[in-house]
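Please find below my notes on this entry, set out as numbered points for a colleague who will want to check each one against the coordinates.

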Amino acid sequence: MIGRPAQAGQAAGSMDRNDTQGLISIWWLDGKGGGRRLSWEEAVAPPPEGFVWLHFRRMDRMKEEWLRQASGLDTSVIESLLEDQARPRCAVFTEGALLSLRGVNLYRNALPEDVVTVHLWVDTSRIVSVQHEPLSAVEDFEDALGRGRCPRTQGEFVAELATRLVERLDAVVTALTDDADELEDQVEAIQVSDLLPKLAVMRRVAIKLRRHIAPQREALNHFSLEDDAWLGPKDRNRLRDAADRVTRFSEELDSVRERAAVIRDQMVDRRAEQMNQSMLVLAVVTVVFAPLTLVSGMFGMNVGGIPGSDNGEGFWIVSLILLAIGALMFWAFKRLRWI
């Protein structure tokens with residue numbers, strides 16, 4: 001059981017300004033749709049109404065003890081906040097809830113399968129978040145706060161952030177679906193050697209992305225069941241809607257993976273058909289030229305008694321016979337539809 005954590009202001013009062021490594025920003029949200037960014041000194045005594053958002057970035061030099069003093073949270077919660085490759089999950093405690101979510105970045109040169117984890121601790125007076133890498137959804141959320149679009153409750157805060165994370169997943173999944181459509185259209189026209197690398201990348205991204213985001217549905221649904229005054233019916237509906245969208249994304253990623261397998265089967269069949277056609281042509285050529293080679297070899301023996309060896313027209317007669325045999329065999333194969 002986690003005891004009641006110290007307030008952010010109390011923790012901030014015991015910290016030196018130069019010890020704020022890892023702290024990205026502090027926001028005070030008044031609970032009426034407004035808010036402003038706080039300095040480290042202002043966070044020592046935040047206004048009594050509303051709630052405070054402490055946002056950290058996990059850094060190599062960040063120690064567990066420092067984050068515990070800065071946030072006032074229990075050690076077990078701090079360990080969860082500092083966990084790097086945590087699966088999306090929700091853990092409900094007496095004084096609050098711990099929520100771990102994953103999102104993708106839409107930065108230039110960002111890989112779609114490289115998901116970033118963000119941990120949230122939510123209680124009645126504050127939200128403490130820790131991210132391990134820059135996350136575009138969080139940055140956009142802060143920009144919205146700066147423009148005055150501030151959530152009124154902690155539940156609205158989490159619902160808004162979860163929605164932004166899901167919207168970016170929507171863009172990535174849609175792009176993968178479009179890639180699958182394009183590859184299906186090109187499977188008969190493009191070279192197999194050019195298609196296979198694209199197909200491998202698409203399958204890898206779909207499999208890895210699904211494995212990372214599928215548990216997010218259960219985490220959001222679990223958090224929506226939190227029984228606190230700051231989580232209203234509208235917030236629960238938005239969280240469930242985000243969870244349903246994650247479920248749809250998982251299904252679409254499964255579909256992309258299955259379509260990739262079908263495309264690969266088509267390429268294998270196409271390559272096998274090309275190989276069979278080549279082998280058939282080779283077999284026909286071999287069958288046609290085998291008797292011709294035998295006849296020409298026999299007439300080419302350097303022994304006595306070769307028919308027509310004394311006839312000046314013997315070469316042309318043998319050549320005509322060989323051409324006739326070859327034409328007859330070609331006609332027979334054509335009639336039998338072997339070629």
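1. In this predicted model, the structure holds six aromatic pairs. One of them joins W53 and F141, whose ring centres lie 5.8 Å from each other with 55° between the planes, and this geometry is classed as tilted because the angle falls neither under 30 degrees nor over 60. The pair bridges distant parts of the chain, since W53 sits in strand β3 (residues 51-57) whereas F141 belongs to helix α4 (residues 136-146), 88 residues apart. Both W53 and F141 are buried.

2. A further pair is made by F93 and W121, with ring centres 5.9 Å apart and planes at 40°, so that this pair is tilted. Here too distant parts of the chain are linked: F93 lies in the loop between β4 (89-92) and β5 (96-104), while W121 is in strand β6 (residues 115-123), and the two are 28 residues apart.

3. How accessible is F93, buried, exposed or partly exposed? With a relative accessible area of 29%, F93 is partly exposed, because that value lies between the limits of 20% and 50%. W121, by contrast, has 0% relative accessibility and therefore counts as buried.

4. The W53 and F141 rings also belong to a wider grouping, in that F51, W53, F141 and F157 form one aromatic cluster. A reader following the cluster in the viewer may wish to start from W53 in strand β3 and then turn to F141 in helix α4.

5. On the cysteines, how many disulfides does the model contain? The count comes to zero, the criterion being a pair of cysteine sulfur atoms within 2.5 Å. As for accessibility, C90 has a relative accessible area of 11% and is therefore buried, and C150, at 6%, is likewise buried because its value is under 20%.

6. Turning to the chain as a whole, the protein chain contains nine helices and seven strands. Of its 339 residues, 43% are buried. Among contacts in the protein chain with a separation of 6 or more, 69% are accounted for by residues 24 or more positions apart, and the W53 and F141 pair, at 88 residues apart, can be read alongside that figure.

7. Finally, the accessible surface of the protein chain comes to about 18,200 Å², and carbon and sulfur atoms account for 54% of this area.

Definitions and conventions
Residues are numbered from 1 along each chain as its sequence is written. This is a predicted model: local features need pLDDT of at least 70, side-chain atom pairs count only at pLDDT 80 or more; totals for chains, interfaces and linings use all residues. Side-chain values use heavy atoms; hydrogens and water are left out. Buried means under 20% relative accessible area, exposed over 50%, partly exposed in between (1.4 Å probe, protein chains only). Rings of Phe, Tyr and Trp (its six-membered ring) pair if their centres lie within 6.5 Å; planes under 30 degrees apart count as stacked, over 60 as edge-to-face and the rest as tilted. Helices (H or I, at least four residues) and strands (E, at least two) are DSSP runs, numbered from the N terminus. Contact means heavy atoms within 4.5 Å. Accessible areas come from the Shrake-Rupley method with a 1.4 Å probe; for residues, only the protein chains shown count as cover.
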